[in-house]
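These are my notebook entries on a single chain. I set down what I looked up, entry by entry.

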Amino acid sequence: MRASQKDFENAMNQVKLLKKDPGNEVKLKLYALFKQATEGPCNMPKPGVFDFVNKAKWDAWNALGSLPKETARHNYVDLVSSLSSSLESSSQVEPGADKKSTGYETLMMTLEDGITKIVFNRPTKKNAINTKMYDEIMRALKAASKDDSSLTVLTGNGDYYSSGNDLTNFTDIPPGGVEEKAKNSAILLREFVDCFIDFPKPLIAAVNGPAVGISVTLLGLFDAVFASDRATFHTPFSHLGQTPEGCSSYTFPKIMGPAKATEMLVFGKKLTAREACTNGLVTEVFPDSTFQKEVWTRLKAFAKLPPNAMRISKEVMRNSEKEKLHAVNAEECSVLQGRWLSDECLNAVSNFLSRKARL
Ligand SMILES: CCCCCC/C=C/C(=O)SCCNC(=O)CCNC(=O)[C@H](O)C(C)(C)COP(=O)(O)OP(=O)(O)OC[C@H]1O[C@@H](n2cnc3c(N)ncnc32)[C@H](O)[C@@H]1OP(=O)(O)O
């Protein structure tokens, strides 16, 4: 499936919020893709040669020929998404942002009202985490740990929070073959999860939509999890021939008890936001229609609390667990390294990539 109608509507809203003019060439491209996506191929009469503006628009639209509406919608969403990161859209930002970081391809990052916000920004891929995104999240967390903010929030752009590991990560095989790939992936995963274990400030997830795989397991390392009632929580590891990561083999049984943790991590039961809240994984659930407003009101109130007291309180709670969490992370990565070479895993990934299986 290509970009959904919701992705398209989000993109249309984002365009209105662009703070910098993207230039005429890009505006014409946006216009053409929008018209193609909503009306199909151009069948309007060609404007006269002196009607420069309308002729340029007509030319851009007409140049798309018989491009299918769906493809145009997808390309429109992609183009807006790339503009949002490079030209700093304010759609993900509450008013009065005092600092925004560009230089991320897969994320948007802002600092405002004492809150650093890191937004997964691959909406057309349901915010699947590719290798670049793993690296950028680590870089963003390191920057957030040192900036002026008192808390850090992770959320997703579009209809998903994140669909977890990008399964195409498995297709980029180095010269050393699949063994080397599995080894490198285990090293990357360990380093990635370590960043969450060691993150020094309160870390909050605003789960705006469905969450899958590693985007769910990591929640056990967050300090608060706010969820839209549209969000779901799914860890289909057995279906994928894989095993738990993100320290979930330790945090989930502790949070929800071994029976519920087994339902999720071994049998792949998908939880609704309310179920995840009842089981202690989610702090609070909000109606989707008021999610952003209510969550940001709450976060802004938290951000006014004395930052050092919050940081030290987190440190006291986390310190007694840190060594254990690092050991669990190391063990989970080592087990996964073996699983990635198994037929069960290779078949599951190849089924996804050949579109035989979606969750
Ligand atoms: C360094 C390695 C570390 C590894 C850590 C271990 C981590 C483990 C995990 O996270 S396991 C979980 C992995 N995730 C999945 O298995 C989810 C796979 N995706 C799906 O099943 C579906 O895409 C969906 C249910 C999330 C959404 O379905 P639907 O609404 O029908 O949308 P599409 O399937 O059409 O998706 C749109 C678009 O996005 C691409 N996409 C979505 N998720 C992923 C993904 N996880 N990996 C790669 N690509 C993904 C999908 O292919 C479509 O792309 P296209 O438009 O066709 O180009």
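**Entry 1: helix H5 and its sequence-distant partners**

I began with Thr131, which I find in helix H5; helices (H or I, at least four residues) and strands (E, at least two) are DSSP runs, numbered from the N terminus. The model is a predicted one, in which local features need pLDDT of at least 70 and side-chain atom pairs count only at pLDDT 80 or more, while totals for chains, interfaces and linings use all residues. Residues are numbered from 1 along each chain as its sequence is written, and side-chain values use heavy atoms, with hydrogens and water left out.

Thr131 has 35% relative accessibility and so counts as partly exposed; buried means under 20% relative accessible area, exposed over 50%, and partly exposed in between (1.4 Å probe, protein chains only). I then looked up the pair Thr131 and Ser185: they stand 54 residues apart in sequence, yet their C-alpha atoms are 9.1 Å apart in space.

Asp135 also lies in helix H5. I noted its relative accessible area as 41%, hence partly exposed. From Asp135 to Thr106 the C-alpha to C-alpha distance is 9.8 Å, with their positions 29 residues apart in sequence.

**Entry 2: positive phi in two loops**

Which residues other than glycine did I note with a positive phi? Asp113 is one of them, with phi near 50°. I place Asp113 in the loop between strand S2 (107–112) and strand S3 (115–120). Its relative accessibility is 38%, so Asp113 counts as partly exposed.

Lys126, likewise not a glycine, has a positive phi of about 55°. I find Lys126 in the loop between S3 and helix H5 (131–146), the helix that holds Thr131.

**Entry 3: two helix pairs**

Two packed helices are described by the angle between their axes and the distance between the axes. The axes used here are lines fitted to C-alpha atoms, for helices over the stretch in contact, and angles run from 0 to 180 degrees between N-to-C directions.

I took helix H1 (residues 5–16) with helix H2 (residues 24–39): they pack at about 150°, and their axes are 13 Å apart. H1 is therefore roughly antiparallel to H2; angles under 35 degrees count as roughly parallel, over 145 as roughly antiparallel, 65 to 115 as roughly perpendicular and the rest as oblique. I recorded the crossing of H1 and H2 as left-handed, which is the term if the near helix is turned anticlockwise from the far one by less than a right angle, clockwise being right-handed.

For helix H8 (residues 248–256) and helix H9 (residues 258–265), the axes come within 7 Å and cross at roughly 135°. H8 and H9 are therefore oblique to each other. Their crossing is right-handed.

**Entry 4: salt bridges within helices**

How many salt bridges does the rule give? I have the count as 15, a salt bridge being a side-chain nitrogen of Lys or Arg within 4 Å of a carboxyl oxygen of Asp or Glu. I looked up three of these, including one in H2.

In that helix, Glu39 and Lys35 form a salt bridge with an N to O distance of 2.8 Å. They are four residues apart in helix H2, about one turn. Glu39 is partly exposed at 45% relative accessible area, whereas Lys35 is buried at 17%.

In helix H9, Glu263 and Lys260 are three residues apart, about one turn. Their closest N and O atoms are 3.3 Å apart in a salt bridge. Glu263 is partly exposed at 28% relative accessible area, and Lys260 is partly exposed at 35%.

In helix H12, I noted Arg311 and Glu315, four residues apart, about one turn. Their salt bridge has an N to O distance of 3.9 Å. Arg311 counts as partly exposed at 29% relative accessibility, as does Glu315 at 38%.

**Entry 5: a nonpolar patch**

What makes the nonpolar surface patch of about 210 Å²? I list Ile173, Val178 and Leu341. Patches take residues with over 30% relative accessible area and no salt bridge, joining like charges within 9 Å and nonpolar side chains (Val, Leu, Ile, Met, Phe, Trp, Tyr) within 5 Å. Accessible areas come from the Shrake-Rupley method with a 1.4 Å probe; for residues, only the protein chains shown count as cover.

Leu341 sits in the loop between helix H12 (307–339) and helix H13 (343–353). At 34% relative accessibility, I enter Leu341 as partly exposed.
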